[in-house]
Amino acid sequence: MLALEYKCCKFDLHSPEVNFWEDLESKIVECVRNTLDKRVQFYEDEIRKLSEQRFMPVWNFCNFFILKESLAFMFEIVHLHEDALREYFELEICYTETVKIPGKQRDFGGLEHGDDQATLLNSGKKPLTQIVQDDSFREFEFRQYLFACQSRLLFKLNRPLEVAARGFTFIINFSKALSEHENILPFCMREVWVISACTDLINATASRYSEGLVAPDIEKEFYRLQGDLYSQCRTKFMRLAYLIGYGTNMERSPVNSASLSMLPWPKPAVWPSVPPDASSKVLAKEKMILQETPAVKHFGIQRKPLPLEPSFLLREANRRRASLSAGTMLEISGSDAMSKMFPSHKAQTSSMTRTNSSPGLDSSIDRPMRLAEIYVAAEYALQSTISDPELWKSFSSVKEFEQKYLELTKGAADNYHRSWWKRHGVVLDGEIAAVCYKHGNYDLAAKSYEKVCALYAGEGWQDLLAEVLPNLADCQKILNDEAGYLSSCVRLLSLDKGLFLTKERQAFQSKVIRLAHSEMKQPVPLDVSSLITFSGNPGPPIELCDRDPGILSVTVWSGFPDDITLDSLSLTLMATFQADDGIKALRSSTAIVLKPGRNTITLDLPPQKPGSYVLGVLTGQIGHLSFRSHSFSKGGPADTDDFMSLEKPTRPILKVFKPRPLVDLAAAVSSALLINEPQWVGIIVRPINYSLKGAVLHIDTGPGLQIKGSRVIEMESYADSSDDSTGVKTNGALENGPSTANKDFEQLTLHKGRIEFPDWASNMTSILWIPVRGIGEKLARGSSSAAPQRTSIVDGMRTIALKLEFGISHNQTFERHCDSLSPSQVFTLAVHFTDPFHVSTRVADKCNDGTLLLQVILHSEVKAKLTIHDAWLDLQDGFVHTDRGDGRPTSGFFPLVISPASRAGILFSIRLGKSDAEDVARTLQSESILNIRYGISGNRSVGAHPPVGIEHSATEDAKQDLVFRSALILQRPVLYPCLAVGFLPLPSGGLRVGQLVTMKWRVERLKDFETEVSKNHDEVLYEVNANTENWMIAGRKRGHASLSAMQGSRIEISILCVPLVAGYVRPPQLGLPDVDEANISCNPPGPHLICVLPPALSSSFCIPA
Amino acid sequence: MATTACFIIVSRNCIPIYEAEVGSAPKREDAAQLHQFVLHAALDIVQDLAWTTSAMFLKAIDRFNDLVVSVYVTAGPSHMFNNDISQCLPQTG
């Protein structure tokens, strides 16, 4: 009663309370909730009770189901979908366990008409009351019912992805269950059910799925599931289509083969038989089989087609039929047992072919069915299985089949693409392409095939690529896409050799060549990187000197199965250090035939800039086809791991060195040679790691030098015992005896200024001896020992211009590296020539009787031993020999030997005086001439040596002596001075700064000017020199003073000076420029320094600035 | 129970660099291609899965009828596929 009060509320019709209706509503809600709670509580208690009794014999699933279902229903109507879902999941688990209990096997179900259409999303398709009333709970219906209820709730919860995921799993599991009961189910019930289930699930989930509302990952997952469902559906559809004879319309592609060849045939209890009235259909199918032509692959590829069937259908079907007569035992034991029991049967069935139609047996039940009959029988059986007219329509004709097939394939491909499973998607694109191709839609087919090929090629799955690429090539050929077709042919050729027969590969090549030599509309460049690869030869790179040409040898691998002729070929070299300037193309002049595999080709290499080079791109021409390859081969198959790597470290193939001296030319001697005599001049030719084979030396002599005799140029090997890089030998080393080992010697001729080197001198240091004569017109002049005056070294310098051409094709020219800026590129060799002696003279003694002893000192100028055999002096005017008139020296110790760099003296006795009568002829002679007859013995490798042509004389005595002439100037001695100059004393008061002082000199004539050539004998030129810092001079510093020519005449020269600084300063000096100093007597000489006092204190004194 | 397995090492960029078939089953002419196809398709799954797990050995990531694909993802950029083929497994799918 108390409770009733709570559940009631008073309603006053006349004056209702303001809150009455709200109160009523809340009460009602409360009541409903209470009621629900009570009912739920009640049901849950009941369910718990039943669950506890689960394993008791009295337990009944039907009661349990009614409770659970009622509870779930209650939850559902109050929108507690999650709870309802939970109840259904629990119910499913419980049911699955119940089904598994042995001894309580229920009927599976699925035998009613229309059961082939899945009801997994339609819970109301079968009346539930029937299931409950019968207590049948057949698995086939009930599991679908449960899933339908779950999916309904999931859809209400807006979880279509979960429906798809659970649905896919359900289909797979249910399909297994169907296969377990396949022998009681209609023919191919399982396949039909899966097709229907997948289609329903796809449609239901797709219609409830709104794109873009969920995370990308979940979206991908959803599309993946859709793709999987389509794919599953497609596989089963193809299986059924194959059974009724549409197998020939299916592409035997990897994906189809993989899907179908591992999927077992249906296993009905008995394979359906041919209905009695189907003979016309059998004939039609037979005709279809006979008309079937196996698809001929392009290029005549004869490859075993991929299987679409797990085993021969003919054999399988007949085996299943045979098992009917043999009893069920065989069915259970399987084919192995059967083949053991009936080995002959196996042989018979396995030997059957499609065209084996001979009816050998009369018994209809034992006679093996022909393939056409199997098709027809399957078609009839399927027709009775399939209740969905739409589905059956898809099997009614090839066209309908293809339409459905395309629909499913496209669905799967699209969804896989959306889920980013590109491999799955692209592969199915290939299947669409196959259908397009079949229908003549080559453009679409080519596009799709290209996608598939790009995927396989990009990832390097060659087996798969080999399957698709011929199809693409065929499309391209039909579309007249020459570039694409050629490229496909090349790609086919570059696949693994094992993938195609040699004959097929030859076919690819012949297509390429035929197309290359045909008139192409527009020449296409073709990348053959995968087919023709190249590399430099192993080992170190070719090393070339600057400006040298060479020959480059390159290894080229050809992937063509046959020889292929390349009309032209060029290869670029790329400098490793600079990108812009470094590309040089090497061209082969002739056509090259490449054998399959490894080829070595050689290319002429013109001179390259210094640097290191790697191989760049190989280009060439086959007919009208220009190809290029930029693939380096590392001596074998390409390293696949680095296949995509662009930054491939490449090995330098060529190194061109920076310009370096390749040869060194140097003079063999450093000391002087004899002038005016034929002398050998040596040129050391030292190749620096470079062959001088065929070298030519151009010789051009400078002024004052001539080559004596062009036929006697000698060349000999030069033993280089010194390690210095310049190659200039020390003379000492040569004198100590150069090694004579391997000494070669040859006489060469000079022809038009050219000398060709012998071969033996190619790689060794050699020395070239050239006879030259330095011409010196000037007579040697002696000098006085009082004032030694050496002749300049430049006088004896002569030059030889040398130009050495060498290298292969004489491309190299010798140039001094220090002279590399010189445009002439000619090396000038300096040769120093000199007289054998330098002569200096002195008067050794002036005797009282007027005799002068003249000592002539001979300095040896050459590094050779000089032997003086004779010497005589031709005196100038004014001198005569004292005793004998032959001009021979007083001491006659000839021959006199002078060692190198030493001196010797010869004494002549002469006197002043007029020459004798016989000397009249020489009166005009103003110089004395010293004549020396001498011999020389020296080594040409050291310096001066006997003149060329003389040294070969037999004996020492027979040597023709040489004569050296030197001019000497003798001066008559000056005996007394002409003028006397005296400095007159300064004032006694001393000098002060700023105080005028007069400097005075007296000049007095002591004797007459006998040889004076002055114009005015009565004048003398004077000059006063003073330091301007110390002295200010007033008056004429320079001038002529009158002085009588008479002996004893005198003048006084005075000049006014002002000392400017205090201290000891040098006084002004008087000089007489016209008179030789020897003629001036200053005895006593003027003061060296004089004392200047500081200025007297004076306020008006100013120091000059 | 005649089984055969195909073992493929796949480098980065999904390029197969080593392939071997082991097992006692008679070699089918199309098997190499079949295995390549199955393993190539499985790369789609590996690429998705490799980012979601830290495990290196991914067992049975894909199933193609009775072919089971397992993969060992190395720390470096390559995968090792093991495609077990058990011909006597109950049919699936």
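**Reading an interface and a sheet**

User: How many residues does each chain bring to the contact between chain B and chain A?

Analyst: Chain B puts in 32 residues and chain A 41, where contact means heavy atoms within 4.5 Å. Bear in mind that this is a predicted model, with local features needing pLDDT of at least 70 and side-chain atom pairs pLDDT 80 or more, while totals for chains, interfaces and linings use all residues. Residues count from 1 along each chain as written, chains are lettered from A and ligands numbered from 1 in written order, and side-chain values use heavy atoms, without hydrogens or water.

User: What area is buried between chain B and chain A?

Analyst: Interface size is often quoted as accessible area lost when the parts come together. Here about 3000 Å² is buried, 57% of that from carbon and sulfur atoms (1.4 Å probe, summed over both parts).

User: Which residue forms a salt bridge with Asp44(B)?

Analyst: That's Arg423(A), with the closest N and O atoms 3.0 Å apart. The rule (Lys or Arg side-chain nitrogen within 4 Å of an Asp or Glu carboxyl oxygen) finds two salt bridges across this interface. On the side of chain B that touches chain A, helix H1(B) gives the largest share, 13 residues (helices are DSSP runs of H or I, at least four residues; strands, E, at least two).

User: In what order do the five strands of the chain A sheet run?

Analyst: Sheet strands pair through backbone hydrogen bonds, parallel or antiparallel. This open, mixed sheet goes E39-E41-E37-E35-E44, pairing needing at least two DSSP bridges. E39 and E44 of chain A each have a single partner strand, so one side of each lacks a neighbour in the sheet. E35(A) and E44(A) run parallel, joined by two bridges, and Leu979(A) sits opposite Ile1080(A).

Note on methods. Buried area is the accessible area (1.4 Å probe) that two parts lose on being put together, summed over both.
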